[in-house]
Amino acid sequence: MTHFVHHSPVGDGVELRAIDAIHTVKIGGKQTGGDYELFEIDAPRGHAIPLHTHAWPEAYYLLYGTLNVQVGEGFYELTPGAALNVPPYAEHTFTIATPSAKFLVFTLTDAMGRFFADLDESIPVDAPMAEVFPLAAAAAARHGVSFVQPPR
């Protein structure tokens, strides 16, 4: 696999729906030989994905809003300009404390993009929540994402 120049202008990128947000692929594994990815996340107020782990590291950089992140026993408040690294296999989750938040997520490998693409394909647009979480849990299991707490 090879790396090549990829320009993602404002408003461009593949949008992938997840339970908690819209994940826009700004730089995907196809452009980096699967070495890394960059996502722009738009999330509404509230709790996002349940406490979970996965094999890939990720880093958050907050653009606007307030993001409260739990990593293991630590709790971190991210405001615009703040960044946080989440190591592989660390238990983590986040909550949006403002009406909405936008942040960047940088991950090593292309595993997160494959997971979000699977979620986007697996969950019908208008599915009721009672149907969404079993589908999300099945997609998570296929990609090595382990929930410490079951989805609600």
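Colleague: Why is Thr-32 called buried?

Modeller: The model is predicted, and its values are computed from the atoms. Thr-32 has a relative accessible area of 1%. Buried means under 20%, so Thr-32 is buried.

Colleague: Where is Thr-32, and which residues is Thr-32 in contact with, leaving aside its neighbours within four places in sequence?

Modeller: Thr-32 belongs to helix α1, residues 29-32. With those neighbours left aside, the contacts are Thr-2, His-3 and Ile-27. Contact here means heavy atoms within 4.5 Å.

Colleague: How far is Thr-32 from Asp-110 in sequence and in space?

Modeller: They are 78 residues apart in sequence. From C-alpha to C-alpha, the distance is 8.7 Å.

Colleague: What makes Arg-114 and Asp-110 a salt bridge?

Modeller: The N to O distance is 3.1 Å. The cut-off is 4 Å between a side-chain nitrogen of Lys or Arg and a carboxyl oxygen of Asp or Glu. The pair therefore qualifies.

Colleague: Why are Arg-114 and Asp-110 called partly exposed?

Modeller: Arg-114 has a relative accessible area of 44%. Asp-110 has 22%. Partly exposed lies between 20% and 50%, so the term fits Arg-114 and Asp-110.

Colleague: What does the salt bridge between Arg-142 and Asp-118 tie together?

Modeller: The side chains meet at 2.9 Å, N to O. Arg-142 lies in helix α3 (residues 129-142) and Asp-118 in helix α2 (residues 111-122), so the pair ties together parts 24 residues apart in sequence.

Colleague: Is Asp-118 buried or exposed?

Modeller: Asp-118 has a relative accessible area of 14%. The limit for buried is under 20%, so Asp-118 is buried.

Colleague: How many salt bridges are there in the whole structure?

Modeller: The search finds five. One of them joins Lys-102 and Asp-42, at 3.6 Å from N to O. Lys-102 lies in strand β9 and Asp-42 in strand β3, so this pair links parts 60 residues apart in sequence. Salt bridges also link Glu-40, Asp-42 and Lys-102 in a network.

Colleague: Why is the aromatic pair of Tyr-36 and Phe-106 called tilted?

Modeller: There are six aromatic pairs by this rule. In the pair of Tyr-36 and Phe-106, the planes are 35° apart and the centres 5.6 Å apart. Stacked needs under 30 degrees and edge-to-face over 60. The angle fits neither, so this pair is tilted. Tyr-36 is in strand β3 and Phe-106 in strand β9, 70 residues apart.

Colleague: What makes Tyr-60 and Phe-94 edge-to-face?

Modeller: Their planes stand at 80°, with 6.1 Å between centres. Edge-to-face needs over 60 degrees, and pairing needs centres within 6.5 Å. The pair therefore passes on both counts. Tyr-60 lies in strand β5 and Phe-94 in strand β9, 34 residues apart. Both residues are buried.

Colleague: How do you know that β5 pairs with β8 and with β9?

Modeller: Pairing needs at least two bridges. β5 (residues 58-64) has four bridges to β8 (residues 83-86). β5 has six to β9. Each pairing is antiparallel. Tyr-61 has a bridge partner in each: Ala-83 in β8 and Leu-104 in β9.

Colleague: Which residues join Tyr-61 in a nonpolar patch on the surface?

Modeller: Leu-63 and Tyr-64 do, and the three have about 270 Å² of accessible area together. Leu-63 has 35% relative accessibility. Patch residues need over 30%, so Leu-63 meets that cut-off.

Definitions and conventions. Residues are numbered from 1 along each chain as its sequence is written. Side-chain values use heavy atoms; hydrogens and water are left out. Helices (H or I, at least four residues) and strands (E, at least two) are DSSP runs, numbered from the N terminus. Buried means under 20% relative accessible area, exposed over 50%, partly exposed in between (1.4 Å probe, protein chains only). Patches are made of residues with over 30% relative accessible area and no salt bridge: like charges are joined within 9 Å, nonpolar side chains (Val, Leu, Ile, Met, Phe, Trp, Tyr) within 5 Å. Accessible areas come from the Shrake-Rupley method with a 1.4 Å probe; for residues, only the protein chains shown count as cover.
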